[in-house]
Amino acid sequence: MIPLIVCGASGRMGRMLIQAVTETPGVRLVAAIERPGTPELGRDAGALVGLPALDVALSDDLGAALQRAAGGCIIDFTAPAATEAAAALCARAGVGMVVGTTGLGDSAKAALQRAAEAVPVLVAANFSLGVNVLLGLAEQAARLLEGFDMEVVEIHHGKKRDAPSGTALRLAEALADGRGQKLSEAAVYARQGDVGPRTPGEIGVMALRGGDVVGEHTAFLFGPGERVELTHRATSRTTFAHGAVRAGRWLAGKPAGRYDMRDVLGLAGDAGRLAGPAR
Ligand SMILES: NC(=O)c1ccc[n+]([C@@H]2O[C@H](COP(=O)([O-])OP(=O)(O)OC[C@H]3O[C@@H](n4cnc5c(N)ncnc54)[C@H](OP(=O)(O)O)[C@@H]3O)[C@@H](O)[C@H]2O)c1
């Protein structure tokens with residue numbers, strides 16, 4: 001049984017992850033970690049999600065918990081500062097990382113890169129099969145629809161902290177890749193006031209927030225007299241949770257380095273195959 005640790009255990013995703021671990025063969029929950037001071041510390045992780053007791057008490061000590069996770073990994077859906085701190089601990093303890101936390105800044109990204117020199121690290125802005133297929137389709141569409149204007153719109157629940165979503169950024173990156181552009185040079189993140197006409201080649205990325213929307217992403221490709229819309233709608237977080245646990249099981253025993261969800265799903269290289277020879 002592969003040992004897994006859920007970090008951010010009492011959050012929206014953390015609760016789903018605890019449940020998903022119990023439903024996935026071949027893995028077992030060895031620790032559930034939360035922020036120091038959380039009132040639920042000490043509570044059984046099973047009770048937290050309405051399941052029978054799992055004999056895993058919610059703890060704030062990731063360092064100690066990692067001693068019980070040799071050969072396994074953590075599944076981190078927390079906040080950028082917590083992910084950064086976890087990266088150093090995991091590298092030292094030799095425990096792999098599956099990271100779903102979005103909105104990572106340069107410092108957290110660098111910490112994950114350093115960790116990947118010692119342990120396997122898989123970072124994904126989205127763990128659903130559908131979104132990972134969408135990324136390949138978007139890259140293909142951008143490659144084939146020469147001269148089309150490309151934009152990304154995402155919608156999430158009102159409690160989401162970062163904007164645009166990590167998935168929207170990956171989607172915009174897939175469009176840029178398809179067109180042979182760098183997203184950092186093409187992206188426009190908000191428009192307001194007298195912005196003038198749209199620049200050819202720019203990729204707009206817009207975020208809407210409200211209600212309980214789990215996550216919606218659309219890549220628009222506007223051409224003369226026609227437009228293509230590629231949309232993914234998540235209707236439940238369980239998709240992400242099961243994808244992340246599957247990633248944890250897949251990652252166990254892999255050599256140190258960086259991985260992404262397309263490796264887990266066997267989609268790596270599919271964008272290229274779908275799109276045909278690069279221009
Ligand atoms: N990749 C994907 O497929 C995917 C899907 C959904 C969400 N996400 C991302 O996952 C992250 C979490 O999302 P969510 O909706 O579950 O948010 P959430 O409900 O706020 O859960 C995050 C949890 O992490 C806890 N936390 C914060 N700092 C911590 C620390 N130092 N140690 C341990 N736990 C800590 C938070 O505690 P407090 O509430 O006390 O701060 C909270 O319980 C976000 O970045 C979100 O964008 C990714």
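## Strand pairing and the five-stranded sheet

Two strands are taken to pair if DSSP finds at least two bridges between them. With that in hand, let us walk through this structure, which is a predicted model. A good place to start is the open sheet of five strands, where the order is 8-9-7-10-11 and the pairing is mixed. The edges are held by strand 8 (187-188) and strand 11 (226-234); each has a single partner strand, so one side of each is left without a neighbour in the sheet.

At one of these edges, strand 8 runs parallel to strand 9 (residues 203-209), and two bridges join them. If you would like to find this pairing in the structure, look for Ala187, whose bridge partner in strand 9 is Ile203. Packed on the sheet is helix 6 (residues 129-144), which touches strand 7 (149-156), strand 10 (215-223) and strand 11. The direction of helix 6 makes about 165° with that of strand 11.

## Antiparallel partners and a hairpin

Strand 10 has antiparallel pairings to follow. With strand 7 it shares seven bridges in the antiparallel sense, and here Glu154 has His217 in strand 10 as its bridge partner. With strand 11, the antiparallel pairing of strand 10 extends over nine bridges; Glu216 is matched with Arg233 in strand 11.

How many residues lie between strand 10 and strand 11 in their hairpin? There are two, and Gly225 in the turn has a positive phi of about 80°.

## The seven-stranded sheet

The other sheet to visit is also open. Its seven strands follow the order 3-2-1-4-5-6-12, and the pairing is parallel. Strand 3 (58-59) and strand 12 (257-259) stand at its edges with a single partner strand each, so one side of each has no neighbour in the sheet.

Further in, strand 1 (residues 2-7) pairs with strand 2 (residues 27-33) in the parallel sense, over six bridges. A handy landmark here is Ile5, which stands opposite Ala31 in strand 2.

## Helices 6 and 9

Does the length of helix 6 come out as expected, or what does it span instead? Its 16 residues should span 22 Å at 1.5 Å a residue, and the end C-alpha atoms are 23 Å apart, which agrees. The buried residues of helix 6 include Val131, Leu134, Leu135 and Ala138. Among them, too, are Asn132, Glu139, Gln140 and Arg143.

Helix 9 (residues 238-251) can be checked likewise: its 14 residues reach 20 Å from first C-alpha to last, close to the 20 Å expected at 1.5 Å a residue. Helix 9 is mostly covered, with ten of its 14 residues buried; including Phe240, His242, Val245 and Leu251. Just after helix 9 comes Gly253, where phi is positive at about 85°.

## Val264 and its surroundings

Val264 is in helix 10 (residues 261-264). Is Val264 buried or exposed? It has 23 other C-beta atoms within 10 Å, and 20 or more are needed, so Val264 is buried.

Which residues does Val264 contact, leaving aside its neighbours within four places in sequence? They are Arg246, Ala247 and Trp250. Val264 also lies 9.7 Å from Phe127, C-alpha to C-alpha, although 137 residues separate the two in sequence.

## Backbone details

Most residues other than glycine have a negative phi, and most peptide bonds are trans. Two spots in this model deserve a look with that in mind. Asp55, in the loop between helix 2 (45-48) and strand 3, has a positive phi near 60°. Asp55 counts as exposed because it has 10 C-beta neighbours inside 10 Å.

The other spot is the cis peptide bond that joins Ala163 and Pro164, with omega at about -10°. Pro164 sits in the loop between strand 7 and helix 7 (166-179).

## Around the ligand

The ligand is surrounded by 25 residues, and the closest are Gly8, Gly11, Met13, Ala82 and Gly100. Which element gives the largest share of this shell? That is helix 1 (residues 12-23), with three residues. By character, the shell is made up of ten nonpolar, eleven polar and four charged residues.

Conventions
Residues numbered from 1 in each chain as written. Predicted model: local features only at pLDDT ≥ 70, side-chain atom pairs only at ≥ 80, totals over all residues. Helix = DSSP H or I, 4+ residues; strand = E, 2+ residues; numbered from the N terminus. Contact = placed C-beta atoms within 7 Å. Axes fitted to C-alpha atoms, helices over the stretch in contact; angles between N-to-C directions. Near = placed C-beta within 6 Å. Nonpolar A, V, L, I, M, F, W, Y, C, P; charged D, E, K, R; others polar. Expected span 1.5 Å × (residues − 1). Buried ≥ 20, exposed ≤ 12 C-beta atoms within 10 Å, placed from the backbone.
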